[in-house]
Amino acid sequence: MSDEWDVVIAGAGIVGSACAKECAARGLRTAIVEPGEIGGGATAAGMGHIVVMSDSPGQLALTSYSQRLWQELSDSLPHSVEYERCGTIWVASDDDEMEEVHRKRALYASVGIATEVLDSCALAEAEPHLRKPLAGGLLVPSDAVLYPPCAAQYLVEEALRSGARLYARRKLKSAGAGIVRLDDGTELRASHIVNAAGADATGLLPQLPIRERKGHLVITDRYPGFVHHQLVELGYSKSAHSITTDSVAFNIQPRKTGQILIGSSRQYNAGGTAVDYQMVSAMIERARYFMPGIGALSSIRIWTGFRAATPDNLPLIGPWPEDKTLFLAAGHEGLGITTSLGTAQLLADHLVGNPTRIPIEPYLPERFVRNATHA
Amino acid sequence: MNEHFHVLVIGAGPAGISAAVRAAESGGHVGLLDDNPAAGGQIWRKGASLPKTARMWLARLNAASVERLHGWHVFGSPTSGVLFAERTGLASPAAEQADFIELNYDKLILATGARERFLPFPGWTLPNVMGAGGLDAMVRGGLRIKGKRIVVAGTGPLLLAVAAHLAHRGTQILAICEQAPLSRLRPFAMRLLTQPGKVAQGIGLRIATRGTHFYTGCWPVAATGRGRLESVTLQRRGKQWELPCDYLACGYHLVPNLELPRLLGCGIHEGFVTTDKWQQTSIPGVLCAGEPTGIGGVELAIVEGQIAGLAATGRVEKADDLIQKRTRGQRFVRALREAFELDPRLRALPSAETLVCRCEDVPFGVLRDYTSARDAKLHTRCGMGACQGRICGAATEFVFGWAMDSMRPPILPASLSTLAATGVGGAHDPSNTTSNQNRRDTL
Ligand SMILES: Cc1cc2nc3c(=O)[nH]c(=O)nc-3n(C[C@H](O)[C@H](O)[C@H](O)COP(=O)(O)OP(=O)(O)OC[C@H]3O[C@@H](n4cnc5c(N)ncnc54)[C@H](O)[C@@H]3O)c2cc1C
Ligand SMILES: Cc1cc2nc3c(=O)[nH]c(=O)nc-3n(C[C@H](O)[C@H](O)[C@H](O)COP(=O)(O)OP(=O)(O)OC[C@H]3O[C@@H](n4cnc5c(N)ncnc54)[C@H](O)[C@@H]3O)c2cc1C
């Protein structure tokens with residue numbers, strides 16, 4: 001005997017959880033399978049910055065769409081999700097970067113995201129602990145911060161309320177041709193199997209172009225009011241677009257608790273979850289360069305996590321061309337908390353045959369399959 | 001700063017002092033690090049009139065060639081053979097300068113000691129409800145307490161010692177409440193007869209606390225008061241009564257400080273570090289002595305410390321008679337554990353509103369729905385605060401049966417400037433954008 005489902009989702013990270021909520025809400029018979037804690041994977045490691053980014057048109061479309069979905073959802077979110085619309089300030093060090101501020105402003109306007117250009121004084125006033133003088137910045141007031149594991153928990157609870165079923169403490173061993181096998185021997189039949197296993201998505205489909213990219217975060221004790229917005233350096237306009245070297249960037253976040261979360265680092269082939277103090281040190285030095293007083297704050301925890309990176313830094317959303325029952329919602333790299341809601345809408349619309357609100361093409365997995373066959 | 005030691009000892013209590021002294025006999029470079037301003041650990045503290053053994057070991061330490069690092073805490077380990085430490089008291093917004101040291105070692109001896117276990121019950125977070133050893137330490141540190149009415153409660157031999165000392169300081173000990181039933185304590189008293197030193201200690205204590213009610217099978221079920229403690233409700237044999245008092249000194253025996261052993265990956269069994277005949281842990285080159293291997297008191301700590309000090313310097317032949325003493329001490333460890341095993345009814349003390357995690361304000365009622373420490377931590381923040389679960393971890397382990405979640409650095413808070421200093425040789429110039437080549441996707 002095996003159970004019959006419209007959709008079986010592998011993984012209750014924030015992406016799988018969002019997909020489960022959306023599929024169940026549309027009346028699809030939905031099951032979600034999670035071997036560990038809900039939101040215990042990359043979702044537990046992430047910063048929880050809900051942010052619009054503009055490195056590529058696909059990224060801008062998906063992040064702006066998703067950021068709005070979070071705003072719409074925000075009134076329903078329980079207290080534990082700690083959603084706070086603190087806004088992002090992209091910090092510009094010099095005049096070159098101020099030009100980038102204006103370019104970015106125009107890009108954001110093109111998708112209807114309001115922003116505000118801050119000059120040197122306005123920036124200093126908004127964030128008194130930043131180094132002075134800095135050239136200015138771009139304020140994105142609608143960006144937010146939340147606590148990802150509780151957000152995933154909420155999304156799963158919503159899915160369950162709409163009739164979905166959670167297979168807890170179990171794992172997909174195999175999936176394909178409409179059949180899912182769990183590690184406890186359970187067999188499920190499903191018209192759609194969604195691989196939302198994050199960086200482990202390759203465990204079910206080894207040919208996926210997903211690599212792990214390690215990141216470090218440091219959290220401090222409580223210093224309410226030390227930082228008001230999520231602050232991110234804009235300096236990338238000066239540097240090459242390389243995805244091979246280790247890197248750090250100034251990226252700090254005020255938590256609702258008064259704590260300050262400090263990122264961020266990126267490393268490929270960094271194997272293991274151990275803290276690499278070289279990266280931590282570089283990250284803190286970078287933060288201190290922008291915010292000299294930060295060195296005196298007390299850190300209480302350092303952790304690492306793995307982002308699921310694709311070659312073009314866009315997620316894989318939609319059908320897997322080689323098996324019509326297999327779908328992907330994975331490869332969200334450093335933006336999966338943000339883009340989980342947009343991903344869920346795109347996937348659910350696609351499954352029920354509705355037109356999607358933004359074009360799904362940039363995220364379709366077939367882009368890599370096509371490349372592979374022509375290589 | 002960067003230093004190399006043949007033998008590095010962490011923790012300058014009885015175990016660490018004896019380990020360092022014996023290791024130093026070999027002539028190698030020996031270091032002894034502790035987060036307190038002076039050697040002595042939990043028990044040989046300044047202000048206490050020190051027993052002969054303590055004076056003897058402290059004198060031996062002073063005479064030995066041991067490099068002393070007092071007022072430093074170890075917070076991390078980047079790789080095997082290396083520890084990071086920060087000067088204590090610096091992790092405050094007032095401090096500007098990092099004070100950081102990288103410690104390299106051939107052999108490491110962990111002698112990190114133990115702390116009191118606290119169990120949550122309604123009112124346990126009120127001011128003037130303290131640990132038994134905690135109140136004792138505050139009095140030694142200068143807290144004026146003469147004439148105050150005190151209830152001492154919890155479990156373990158520490159209760160009597162604390163009561164005796166507080167009585168000696170002119171307080172009124174209203175009651176000593178030992179949760180263990182008399183039937184368990186009797187065999188323990190019998191075993192003490194094989195430990196002459198301890199019996200004398202016990203008798204001395206009884207005299208000092210004469211006139212005090214000593215209840216067994218008894219514990220506090222609630223503490224109440226406006227703004228601070230005013231009275232305690234005690235329970236014994238199904239009966240409850242209220243006792244007005246100024247302080248409740250309440251500790252449920254000791255739990256080992258396992259943060260550093262766990263960070264280093266040392267094997268742990270049933271809550272204690274596993275060691276072989278020579279105090280060697282499962283990690284090569286890392287030894288462990290004193291309370292982390294089993295709660296056995298000062299005498300055993302000194303024996304284990306010496307064995308570790310000798311073993312770490314390759315002189316195990318000198319440890320023969322110590323091994324016998326250790327075997328006797330380990331019998332005492334088992335006797336202690338059996339005598340003071342926690343009554344399962346203590347699990348039911350908290351009400352739904354009772355805070356379990358004081359750092360993050362997580363009440364018992366919220367935690368009940370979770371199945372593991374990690375699950376609870378992720379979704380309620382229990383144990384995520386600055387104390388890293390040092391207080392609530394032992395409580396949730398007993399109350400819910402949860403194993404500890406994985407250990408993450410820093411095991412004690414470290415300032416950000418210290419973390420910045422951990423990167424060697426300034427490999428990263430923070431103002432240099434080319435070292436940040438990949439800032440295109442910075443989140
Ligand atoms: C340091 C760091 C900082 C970040 N900061 C941000 C940020 O500020 N903003 C932002 O938007 N994003 C951020 N991210 C990215 C974000 O955390 C991830 O993109 C997102 O959490 C991915 O969610 P997911 O559900 O795809 O994966 P995961 O959370 O990893 O979930 C996958 C789940 O699948 C389960 N699973 C694995 N194999 C199987 C199987 N065979 N069967 C069933 N289940 C399985 C796993 O147990 C896991 O729970 C950050 C990431 C890191 C590492
Ligand atoms: C609160 C309390 C009160 C006690 N009172 C009594 C009493 O009155 N009578 C009695 O017989 N026994 C008492 N004991 C028990 C007694 O302390 C132990 O039996 C004995 O001290 C064990 O010695 P040790 O060397 O193993 O550990 P400890 O004496 O605990 O020494 C360990 C040392 O390591 C240090 N340390 C731990 N981690 C780090 C780190 N990461 N970095 C730097 N330093 C670190 C600690 O601060 C401490 O100084 C008490 C214990 C406690 C916890």
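The shell around ligand 1 divides into 20 nonpolar, 20 polar and 4 charged residues. Here Ala, Val, Leu, Ile, Met, Phe, Trp, Tyr, Cys and Pro count as nonpolar, Asp, Glu, Lys and Arg as charged, and the others, Gly among them, as polar. This is a predicted model, in which local features need pLDDT of at least 70, side-chain atom pairs count only at pLDDT 80 or more, and totals for chains, interfaces and linings use all residues. Residues are numbered from 1 along each chain as its sequence is written, while chains are lettered from A and ligands numbered from 1 in the order in which they are written.

Stay with the ligand. Of the 44 residues around ligand 1, A:Gly11, A:Gly13, A:Gly41, A:Gly198 and A:Gly336 come nearest. A residue is near a molecule if its C-beta atom, placed from the backbone, lies within 6 Å of it. Chains A and B both supply surrounding residues, so the site is shared between chains. Among the elements of chain A that give two or more residues to this shell are helix H1 (14-25), strand S2 (30-34) and helix H9 (336-352). Helices (H or I, at least four residues) and strands (E, at least two) are DSSP runs, numbered from the N terminus.

Chain A has two domains. Domain 1 covers 3-45 + 148-209 + 312-374, and domain 2 covers 88-141 + 211-309. Such bounds come from an automatic or database domain assignment. The shell around ligand 1 draws at least three residues from each of these domains. Their C-alpha centres lie 30 Å apart. At their border, 11 residues of domain 1 of chain A are in contact with 9 residues of domain 2 of chain A. Contact here requires C-beta atoms, placed from the backbone, within 7 Å.

Now the sheet. It is open, has 9 strands with mixed pairing, and runs S5(A)-S6(A)-S4(A)-S13(A)-S14(A)-S15(A)-S12(A)-S16(A)-S22(B). Two strands pair if DSSP finds at least two bridges between them. Strand S5 (116-119) of chain A and strand S22 (414-415) of chain B stand at the edges with a single partner strand each, so one side of each is left without a neighbour in the sheet. Inside chain A, strand S12 (residues 211-222) and strand S15 (residues 259-268) pair in the antiparallel sense over 5 bridges. A:Arg213 stands opposite A:Tyr268 in S15(A).

Chain B is divided into three parts: domain 1 (2-115 + 255-337), domain 2 (118-252) and domain 3 (350-400). In chain B, 6 residues of domain 2 are in contact with 10 residues of domain 3. The domain 2 side of that border has 5 nonpolar residues, 1 polar and no charged.

Technical notes. Contact = placed C-beta atoms within 7 Å.
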